[in-house]
Amino acid sequence: MIKSDIDVSGDKALLNACADALAPEQQFTSARAKYSLRNGKTLKIKIEAQDVTAFRAVMNSITSLLSIVNQNWRKVNGK
């Protein structure tokens, strides 16, 4: 099993936007991989996967969504 914990820090509104983007996807767990979110001072993402391929798929999904949020955040907020 492969496990990873990711902490995302930054502006609280940005963290909320990231959590909102990731929340629907976390419902689509499989027998091979899943992730969970906890939003506090930082956004904590916990990933668990049975194999490297499943881990990579979950990481790609998470980073793609975070990238979209980050790009739009920069356009709107100029940061």
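# Notebook: a predicted β-α-β-β-α chain

I began with burial, and found that 27% of the 79 residues of the protein chain count as buried. I note at once that the model is a predicted one, and I read every value below as computed from it.

**Entry on the fold.** I looked up the secondary structure and found 2 helices and 3 strands in the protein chain, which follow one another along the sequence as β-α-β-β-α. The radius of gyration is 13 Å, close to the 12 Å that the globule rule gives for 79 residues, so the chain is as compact as a globular protein of that length. I also took the extent of the C-alpha trace along its principal axes, which comes to about 40 × 20 × 20 Å. Turning to contacts with a separation of 6 or more, I found that 54% of them in the protein chain join residues 24 or more positions apart.

**Entry on the surface and charge.** The protein chain exposes about 5300 Å², and carbon and sulfur atoms supply 52% of that area. I counted charges next: there are 12 positive and 7 negative side chains, and the centres of the two sets lie 3 Å apart.

**Entry on salt bridges.** How many salt bridges does the count come to? The count comes to 3, and I went through them one at a time. In general, side chains of opposite charge can pair when their charged atoms come close.

The pair I took up at the start is D7 with K44, whose closest N and O atoms are 3.3 Å apart. D7 lies in strand β1 (residues 2–8) and K44 in strand β3 (residues 43–49), so this salt bridge ties together parts that are 37 residues apart in sequence. I checked the accessibility of both partners: D7 counts as exposed at 52% relative accessibility, because the cut-off for exposed is over 50%, whereas K44 counts as partly exposed at 30%.

I then looked at D51 and R32, whose side chains meet in a salt bridge at 2.8 Å, N to O. This pair links distant parts of the chain, since D51 sits in the loop between β3 and α2 (52–77) and R32 in the loop between α1 and β2 (33–39), 19 residues apart. D51 is partly exposed, with a relative accessible area of 26%, and R32 is likewise partly exposed, at 42%.

The remaining pair I noted is E48 with K46, whose side chains meet in a salt bridge at 3.9 Å, N to O. The cut-off for a salt bridge is within 4 Å, and I wrote the distance of this pair, 3.9 Å, beside it. For K46 I recorded a relative accessibility of 38%, which counts as partly exposed.

**Entry on L14.** Is L14 buried or exposed? L14 is buried, with a relative accessible area of 14%, because buried means under 20%. This residue lies in helix α1 (residues 12–22). Leaving aside neighbours within four places in sequence, I found L14 in contact with V69 and W73. I also took the separation of L14 from T63, a residue 49 positions away along the chain, and their C-alpha atoms are 15 Å apart.

**Entry on helix α2.** I looked up two residues here, M59 and A57. M59 lies in helix α2 and counts as partly exposed at 22% relative accessibility. Which residues does M59 contact, leaving aside its neighbours within four places in sequence? M59 is in contact with I6 and I47. Having placed I6 and I47 beside M59, I recalled that strand β1 covers residues 2–8 and strand β3 residues 43–49. I then took the distance to Y35, which is 24 residues from M59 in sequence and 9.5 Å from it in space, C-alpha to C-alpha.

A57 is also found in helix α2, and is partly exposed, with a relative accessible area of 45%. Between A57 and G78, which are 21 residues apart along the chain, I noted a C-alpha separation of 31 Å.

Key
Residues are numbered from 1 along each chain as its sequence is written. This is a predicted model: local features need pLDDT of at least 70, side-chain atom pairs count only at pLDDT 80 or more; totals for chains, interfaces and linings use all residues. Side-chain values use heavy atoms; hydrogens and water are left out. Helices (H or I, at least four residues) and strands (E, at least two) are DSSP runs, numbered from the N terminus. The radius of gyration is taken over C-alpha atoms; the globule rule is 2.2 Å times the number of residues to the power 0.38. Buried means under 20% relative accessible area, exposed over 50%, partly exposed in between (1.4 Å probe, protein chains only). Contact means heavy atoms within 4.5 Å. Accessible areas come from the Shrake-Rupley method with a 1.4 Å probe; for residues, only the protein chains shown count as cover. Lys and Arg count as positive and Asp and Glu as negative; His and the chain ends are not counted. The place of a charge is taken as NZ of Lys, CZ of Arg, CG of Asp or CD of Glu.
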